[in-house]
Amino acid sequence: MAKALVGGTVIDGTGRPPIDDAVVLIDGERIDAVFRRGEIELSADTEVVDIAGSTVIPGLIDCHVHVGVLADNSFLQVEDPPGLADLFMTTLLRHGVTTVRDTGNFDPDEVFRTFKEGRDNWPRFFGAGTILDGPADPPAPWRWLAIIDDEESARREASKLIDAGMDFLKVYVWARLPVLRAVVSEAHRRGVRVSAHVGHMVTVEEAVKVGVDALEHVRIGRELVPEERMDELNGLTGRILDPLVGWQPWRFVDPESDLADGLIDLMAERGTYITPTLTLSQAILLGNTPEAVNPPGLDEMPAAVAEQWGQYAYPFDYSETDWEQAPVELRNQMAFIGRAQQGGVNVTAGTDLTNPFVVPGHSMHEELRLLVDGCGFSPMEAIVAATSRAADLLGQGDELGSVEKRKLADLLVLEGDPLSDISNTKRIAAVYKGGQLVAT
């Protein structure tokens with residue numbers, strides 16, 4: 001039986017103007033039509049759901065998570081790893097995240113199949129499996145890494161993952177430019193996209209020029225530091241996590257400089273995507289403050305998770321000067337992402353769940369708030385970043401990410417208008433996945 005959501009305002013996720021007093025007609029798992037009430041007569045056997053006064057948006061897509069690590073206990077040490085994975089996934093869906101993009105570090109066989117097959121009350125899953133990385137010093141502690149130290153190994157390991165059915169590939173911080181280029185070449189030859197966490201061994205400009213499709217985080221910096229400030233940057237004491245989250249350069253960056261504009265122009269020209277994970281940046285740069293270590297939704301997590309997160313301190317080796325400059329670094333990251341959006345770069349929304357203090361579901365709504373309040377996105381632009389553009393990043397633009405005919409009916413019914421206040425994305429009255437009501 002078809003069902004119709006009647007009387008709400010539809011924000012379709014494409015950036016087009018909202019449709020007032022709309023009808024979203026669902027046939028099976030797909031949207032059959034979207035129109036204003038009265039334009040088409042519903043058949044007598046259509047199930048009518050009155051949502052007058054509500055707003056319909058596409059289900060949210062978190063473009064940077066690591067939920068796969070939960071299944072084999074390679075991140076959070078708990079007694080019931082499958083149960084914790086289920087909790088994170090069901091919590092995500094309940095808070096309106098209907099699809100996740102997992103950027104790797106999990107078993108590309110059993111775990112990938114478990115999440116890909118999924119459950120009715122889990123988000124849809126797209127994943128990268130094993131992360132490809134160069135030899136690190138010191139070696140990275142994570143379990144699911146494949147070391148690529150020459151072009152032959154890069155192509156070989158990339159092919160293994162593609163053969164195993166991974167949705168995309170992820171290259172990590174210690175990979176050098178020749179092996180990154182080889183991964184991109186092999187992946188593109190076989191029609192698979194490449195994501196990269198660069199900024200340590202390879203600059204963002206280099207990564208974009210060799211064809212990396214998607215950049216993770218805002219690990220940009222040295223290449224945007226003016227020459228006259230480089231001695232100051234080089235004189236700073238390094239920190240252990242700088243290869244991953246080395247944000248010191250941002251204190252010297254002018255987000256409106258010619259250097260920044262040049263990089264933005266290059267990314268826009270090449271169609272590069274960037275998922276800035278500002279929620280993670282904020283979690284680190286706020287330090288161990290009450291605001292940082294008590295994020296919304298922490299009380300929904302098991303005691304073991306809250307306890308482990310509470311014992312963790314990202315910036316344990318920050319100096320007093322680092323703390324003084326942390327707000328500057330965060331502010332400049334967000335200003336750059338705002339400029340990137342204005343310059344036509346494909347900015348998408350993602351959180352870096354399961355890192356400490358990045359709470360499933362809640363963190364996605366915080367990411368939207370940061371895009372609006374910190375980066376200057378309009379609420380509509382933030383919604384696009386978390387829906388249709390996110391679906392395009394996944395190569396799923398024909399299936400997901402917008403409230404349009406023949407798309408999968410992954411929908412949120414909201415009690416408020418997110419265009420007047422982006423925090424209204426949290427006021428969820430109903431979540432539909434494939435046309436089925438899965439949460440209220």
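**View 1. Thr130 is buried, with a relative accessible area of 9%.** Here, buried stands for under 20% relative accessible area, exposed for over 50% and partly exposed for the range in between (1.4 Å probe, protein chains only). You are looking at a predicted model, in which local features need pLDDT of at least 70 and side-chain atom pairs pLDDT 80 or more, while totals for chains, interfaces and linings use all residues. Residues are numbered from 1 along each chain as its sequence is written, and side-chain values use heavy atoms, without hydrogens or water. Thr130 sits in the loop between β8 (124-127) and β9 (131-133); such strands are DSSP E runs of at least two residues, helices are H or I runs of at least four, and both are numbered from the N terminus. Leaving aside neighbours within four places in sequence, Thr130 is in contact (heavy atoms within 4.5 Å) with Phe106, Pro108, Trp144, Leu145, Ala146, Leu161 and Lys170. From C-alpha to C-alpha, Thr130 and Thr103 are 9.0 Å apart, with their positions 27 residues apart in sequence.

**View 2. Phe106, a contact of Thr130, belongs to an aromatic cluster.** The other members of this cluster are Phe112, Phe115, Trp122 and Phe125. Nine aromatic pairs occur in the structure. The ring centres of Phe106 and Phe112 are 6.5 Å apart and their planes stand at 0 degrees, so this pair is stacked. For Phe, Tyr and Trp (its six-membered ring), a pair needs centres within 6.5 Å; planes under 30 degrees apart are stacked, over 60 edge-to-face and the rest tilted. Both partners are buried: Phe106 has a relative accessible area of 0%, and Phe112 one of 6%.

**View 3. Arg101 and Lys116 each place a charge over a ring.** Arg101 lies over the face of Phe168, 4.5 Å from the ring centre. The charged end of Lys116 is found over the ring of Phe126, at 3.9 Å from its centre. The cut-offs ask for NZ of Lys or CZ of Arg within 6 Å of the ring centre and within 35 degrees of the ring normal.

**View 4. Arg251 makes polar contacts with two acidic side chains, Asp322 and Glu329.** Its place is the loop between α8 (242-245) and α9 (258-270). Arg251 is buried, with a relative accessible area of 10%. Its side chain is 3.0 Å from that of Asp322 and 2.7 Å from that of Glu329. Beyond four places in sequence, the contacts of Arg251 also include Leu236, Arg239, Thr321 and Asn332. A polar contact is a pair of N or O atoms within 3.5 Å; within protein, one must be able to donate a hydrogen and the other to accept it, and residues adjacent in sequence count only through two side-chain atoms.

**View 5. Leu371 and Leu180 touch the most other members of the largest nonpolar core, which has 114 residues.** Apart from it lies another core, of 14 residues, among them Ile26, Ile51, Leu411 and Val413. Such a core joins buried Ala, Val, Leu, Ile, Met, Phe, Trp, Tyr and Cys through side-chain atoms within 4.5 Å.

**View 6. Strand β16 (residues 411-414) pairs with β5 and with β17.** Leu411 and Val413 point one way from β16, Leu412 and Leu414 the other way, and all are buried. Four bridges link β16 to β5 (residues 55-58), antiparallel, where pairing requires at least two DSSP bridges. Ile57 has Leu412 as its bridge partner. Strand β17 (residues 428-433) is also antiparallel to β16, over four bridges, and Tyr432 is the partner of Leu411.
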